[in-house]
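I opened this model to make some notes for a newcomer. I wanted to look at burial, helix packing and contacts between distant parts of the chain.

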Amino acid sequence: MNPASRYLTAQFFNYFGDALLEIAWIVWVLHLAPQHPALSLGTLMALQAVPQAALSGILAGYIDRVPRKATLIVASLMRAVAIGLTPFFPVLWATFILLLVYKSFSVASLPIERAVLPDLVADRQAINKVMARLGQIYAVGQAIGLALVGFLIVLFTVSLVFILISLIYILVALVLFLTPIPDHKGAKKSSWYAQIKEGLAFHRENVAVRYLLTVIGLAGLVLGGLNTLLTLSVGTLWHHPSADVNYIFLSLLLGVLASDTLLSKWMNESRYHLTILLSLLLIMLASFAIGFIEGSWFFGIAMAFIMGVANGFILTPSRAWLANIVASDMRGRVMAFRSQVLGVVTAISPYLTALLVVQAGLATAWIVVAAFLVALAVWWLLTKPFSTASLDANQEPQATAAKP
């Protein structure tokens, strides 16, 4: 098994464990606080976004200086410890503290996970294929986890499922240990401030990187509330039991899998901009359809599938684009800044979405989302002459140092 395949195997178990954990946390918190389900779940969801929003920018000053392989292994083991301890402290405050520990190490490892993969393949064209495979693995791992978690909880209890998840993260650490992960040769021992300054200068001087960060941030501000809108739509618009929202999320994942299967054959450097534009248009059309059409349950599943396809169309090409134009010794910081932006908008978006639904109604909220995406798609279309200038096939990625 080549290094890229071995690394993707570790990522599969990682995504599988994440899917199990997402539901296990919900079941565990509801078990601990049955009197206040809304408050406890709201706190659970909010706390998950806090480390990403608070730590990503700080970590950006260190992320390109640490040994990548060792950091990934330690982060996976610490996540295993936090999850393994959860059932032994059956009180909410302890669960929330362990959740924050888990998420903090996840935030530390995520930019490195994104930065490492391009270094494990031979050429720029292979980056497109391996990024598409990463999207496929994410969808498959998450779908299997969501499909099995209910059965595992009934069979073993949620406490033992936490132990199982802990063992999965230990397995991830073992696979990473057996994978030859190169460190960035150009890593510098400069100060935290100098690293941050260099990263910000790189964003200022590289138009495509700056535009990609902007479009991901603006799209995330709207799309971060899609799960809330879809959950509310199950009972209100599609007249189906809200407990079956899991099928909507599975449909989303199948859409991601379908999109990355297509992108593995179709995506290349000349189509990055177009693919992201198609993503915005697909979500826009699906949102307008939900807002204007009196739908059924199968209509909702179809719309969720389309949104899943659109999700893959924006995430995979943006990651491949960055992998192609950002050198290894800068890639960790670029991914950390991206994680910071996504963390902030992910924390804000659900609250903005809920407020919009309360003030304007569910159908109107979908139309507002669609209208915002119209404006974003127009802006993205207008940026094409500038953002694609960095994709000269003969130009190798360079890490630009900050000017004194």
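**Entry 1: a cut-off, then threonine 157.** I first fixed my terms: buried means under 20% relative accessible area, exposed means over 50%, and partly exposed lies in between. The model is a predicted one. I then looked up threonine 157. It sits in the loop between helix 5 (124-156) and helix 6 (158-177). Its relative accessibility is 43%, so I put it down as partly exposed. Its phi is near 80 degrees, a positive value in a residue other than glycine.

**Entry 2: histidine 239.** I checked another positive phi. Histidine 239 has one of about 50 degrees, although it is not a glycine. I found histidine 239 in the loop between helix 9 (226-236) and helix 10 (245-266). Is histidine 239 buried or exposed? At 56% relative accessibility it is over the 50% mark, so it counts as exposed.

**Entry 3: helix 6.** I tested the length of helix 6. Its 20 residues, at 1.5 Å a residue, should span 28 Å. I read 29 Å between its end C-alpha atoms, which agrees. Then I listed the buried residues of helix 6. They are Val158, Val161, Phe162, Ile165, Ser166, Ile168, Tyr169, Val172, Ala173, Val175 and Leu176. I kept a general point beside this list. An α-helix has 3.6 residues a turn, so residues three or four places apart point the same way.

**Entry 4: helix 8.** I ran the length test again here. The 17 residues of helix 8 should span 24 Å at 1.5 Å a residue. The end C-alpha atoms of helix 8 are 24 Å apart, which agrees. I noted its buried residues too: Ala208, Val209, Tyr211, Leu212, Val215, Ile216, Gly217, Ala219, Gly220, Val222 and Leu223.

**Entry 5: helix 8 against helix 7.** At what angle do the axes of helix 7 and helix 8 (residues 207-223) cross? I read roughly 95 degrees, with the axes coming within 5 Å. That makes helix 7 roughly perpendicular to helix 8. From helix 7, the contact takes in Phe202, His203, Arg204 and Glu205. From helix 8, it takes in Val207, Val209, Arg210 and Leu213. I sorted these residues by class and got 4 nonpolar, 1 polar and 3 charged.

**Entry 6: helix 8 against helix 14.** I turned to helix 14 (residues 362-382). It packs with helix 8 at an angle of about 170 degrees, their axes 10 Å apart. That makes helix 8 roughly antiparallel to helix 14. Helix 8 brings Tyr211, Leu212, Thr214, Val215, Leu218, Ala219 and Val222 to the contact. Helix 14 brings Val369, Phe372, Leu376, Trp379 and Trp380. By class I have 11 nonpolar, 1 polar and no charged residues here.

**Entry 7: salt bridges.** How many salt bridges does the count give? I got 2.

I took arginine 79 and aspartate 18 to begin with. They form a salt bridge with the closest N and O atoms 3.5 Å apart. The pair links distant parts of the chain, 61 residues apart. Arginine 79 lies in helix 3 (residues 68-85), and aspartate 18 lies in helix 1 (residues 3-32). Arginine 79 is buried, because its relative accessible area is 4%. Aspartate 18, at 22%, is partly exposed.

I then took arginine 333 and glutamate 198. Their closest N and O atoms are 3.2 Å apart, and they form a salt bridge. This pair also joins distant parts of the chain, 135 residues apart. Arginine 333 is in helix 13 (residues 328-360), and glutamate 198 is in helix 7 (residues 192-205). I marked both arginine 333 and glutamate 198 as buried.

**Entry 8: leucine 253.** I looked up this residue in helix 10. Its relative accessible area is 8%, so leucine 253 is buried. Which residues does leucine 253 contact, leaving aside its neighbours within four places in sequence? I found Tyr138, Ala139, Gln142, Ala143 and Leu146. The C-alpha atoms of leucine 253 and glutamine 142 are separated by 7.4 Å, though the two are 111 residues apart along the chain.

**Entry 9: valine 154.** My last look was at valine 154, in helix 5. At 73% relative accessibility, valine 154 counts as exposed. I also read its distance to isoleucine 23. The two are 131 residues apart in sequence and 13 Å apart in space, C-alpha to C-alpha.

Technical notes:
Residues numbered from 1 in each chain as written. Predicted model: local features only at pLDDT ≥ 70, side-chain atom pairs only at ≥ 80, totals over all residues. Heavy atoms only, no water. Salt bridge = Lys/Arg side-chain N within 4 Å of Asp/Glu carboxyl O. Helix = DSSP H or I, 4+ residues; strand = E, 2+ residues; numbered from the N terminus. Buried < 20%, exposed > 50% of the residue type's maximum accessible area, 1.4 Å probe, protein only. Axes fitted to C-alpha atoms, helices over the stretch in contact; angles between N-to-C directions. Parallel < 35°, antiparallel > 145°, perpendicular 65-115°, else oblique. Contact = heavy atoms within 4.5 Å. Nonpolar A, V, L, I, M, F, W, Y, C, P; charged D, E, K, R; others polar. Expected span 1.5 Å × (residues − 1).
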